[in-house]
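Please walk me through this structure, starting with any enclosed space inside the protein and going on to what surrounds that space.

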Amino acid sequence: MTLSNNMKMALPIIIAIVVAILPTPEGLSVNAHYFFAVFLGVIVGLILEPIPAALIGLTGVSFAAVFGLVGETAKASRSWALSGFSNGVIWLIFAAFMFALGYRKSGLGKRIALLLVKLLGKTTLGLGYAVAFADGILAPFMPSNTARSAGTIFPIAINIPQMFNSTPDENPRKIGSYISWVAIAATCVTSSMFLTALAPNLLAVSLVEKSTGIAIEWGQWFSTLAIIMIPLFLLVPYLTYIVYPPEQKKSPEAPAWAAKELVSMGPISKKELIMLGLGLLALVMWIFGKQIGVNGTTAALAVLCLLVLTDVITWEDVITNKAAINVFIWFATLVAMASGLKQVGFLKWAAGLIAGGLVGMDPVLIVILLVVLFFVFHYFFASVTAHTVALLPLFLGVAANLLPGEMIQPLALLLVGSLGLMGILTPYATGPSPIWYGAGYISQATWWKLGAIFGAIYLGALVFLGFAIL
């Protein structure tokens, strides 16, 4: 049954009120109880999304601040409410969205994808690798997998099966179904491979630092997770070829089509070259920032200024980019809401309750169990962001009660590294999923089946990594 928008509006409010009027559990303060009610209402609102996600977060923060649920004074409440907007990671996300715009406006993203189709597209397996590599090349620079996979790669890749009379209604398995699944499966891996490949990754790193004091840098993220992400990435097109094979194995027309498209684009432009150079500059500073004394956020903002000054994008693009501003407000408010759970003492109380059921277990087993549960719980979420805000601080709180200090950082890396991978589970699990599912090449039943198969493989790789780094 589909809920009406009025019901979607009412449900988060009803849930928040019901939770608030329940008796306050023993050991939990009244303020913490009320704040959790507001927080739960926000999470339900993010899942149902009757209004823009940023407005949901802003409403939750404003309501909690006005009623003084966090902070003992009006000034303290205000400082808490605005704390997310001064968070460096939130500004990094905003700047990285502008990088994505630069790739699109300059045409560099499209050119990279077409070049790969031209080079690798003679066979259907080669096309799969072309789609995957296009995503992999763009991933470090585009923190929105929706912009990357659905916005840049989809418009190019979806034209390929139609050349072979493979449409959703006629011969979908000929080539279209294969291309669609490789595209979504590859973007889930690349979203976990790089810190800057998925916006919730950056949010998660901020939450980890607030919850545990552990700062995860770009290089540390990549060097740890690449152990499994690179093999998974290279396997995805071939694995799909085995598990969900295309009926047509060769695609000689695809390189010719890509070559024609490249001719129509003309020679590489000055803006494309500038975009390429500035993208590489940002990547170098993100990787080696710690060694050269440059913060990742300040590096991103400096490169953003260069993008505007070199006219790759305009200042008008920056101040009118609704998607970037929306995400900026959304994540800033969610960071504040998540930190509020810790400030009012709710996380400490809830983590203590959950930890009670795990006391006495082997620490390594606890880590693996937490990773598996964190991953599987994504079946209940239609947003990686909502999942991150709702569960990451709680799982870290449980770990703090049960694990020795030296095991917290590996666990944190496993949890945040799972955020992209879990997007494979359902047709609604991550931003690009509805776009590729909506293309019509893969039925819902098939998507759930493939999601379970690839989800099990991805989770198995995480568990393997867990045993390797603990």
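**A cavity and the helices around it**

The model shown here is predicted, and a good place to begin is with the empty space inside it. Rolling a probe the size of a water molecule over the atoms shows where such space is left. When the whole structure is searched in this way, one cavity of 30 Å³ or more is found, and the volume of this largest cavity is about 50 Å³.

The lining of the largest cavity consists of Ala113, Val117, Ala130, Val131, Ala134, Ile153, Ile156, Ala157 and Ile160, and these residues divide into nine nonpolar, no polar and no charged. At least two lining residues come from each of three elements, namely helix 6 (108-120), helix 7 (124-138) and helix 8 (145-157).

Helix 7 deserves a separate look. With 15 residues at 1.5 Å a residue, helix 7 should span 21 Å, and because its end C-alpha atoms lie 22 Å apart, the expectation and the model agree. Of those 15 residues, 11 are buried, so helix 7 is largely enclosed by the rest of the structure. Among the buried residues of helix 7 are Ala130, Val131 and Ala134, which also appear in the lining of the largest cavity, while others that are buried include Thr124, Asp135 and Leu138.

A last point concerns the cysteines. The structure holds zero disulfides, and the surroundings of two cysteines can be described: cysteine 188 is buried, with a relative accessible area of 0%, whereas cysteine 305 is partly exposed, with a relative accessible area of 44%.

Definitions and conventions
Residues are numbered from 1 along each chain as its sequence is written. This is a predicted model: local features need pLDDT of at least 70, side-chain atom pairs count only at pLDDT 80 or more; totals for chains, interfaces and linings use all residues. Side-chain values use heavy atoms; hydrogens and water are left out. A disulfide is a pair of cysteine sulfur atoms within 2.5 Å. Buried means under 20% relative accessible area, exposed over 50%, partly exposed in between (1.4 Å probe, protein chains only). On a 1 Å grid over the protein atoms alone, a cavity is a set of points where a 1.4 Å probe fits but cannot get out, and a pocket is an open set with protein on both sides within 12 Å along at least five of seven lines; lining residues have an atom within 4 Å of a point. Grid points are joined across faces, edges and corners, and a volume is the space filled by probe spheres set on the points. Helices (H or I, at least four residues) and strands (E, at least two) are DSSP runs, numbered from the N terminus. Ala, Val, Leu, Ile, Met, Phe, Trp, Tyr, Cys and Pro count as nonpolar, Asp, Glu, Lys and Arg as charged, and the others, Gly among them, as polar. The expected span of a helix is 1.5 Å times one less than its number of residues.
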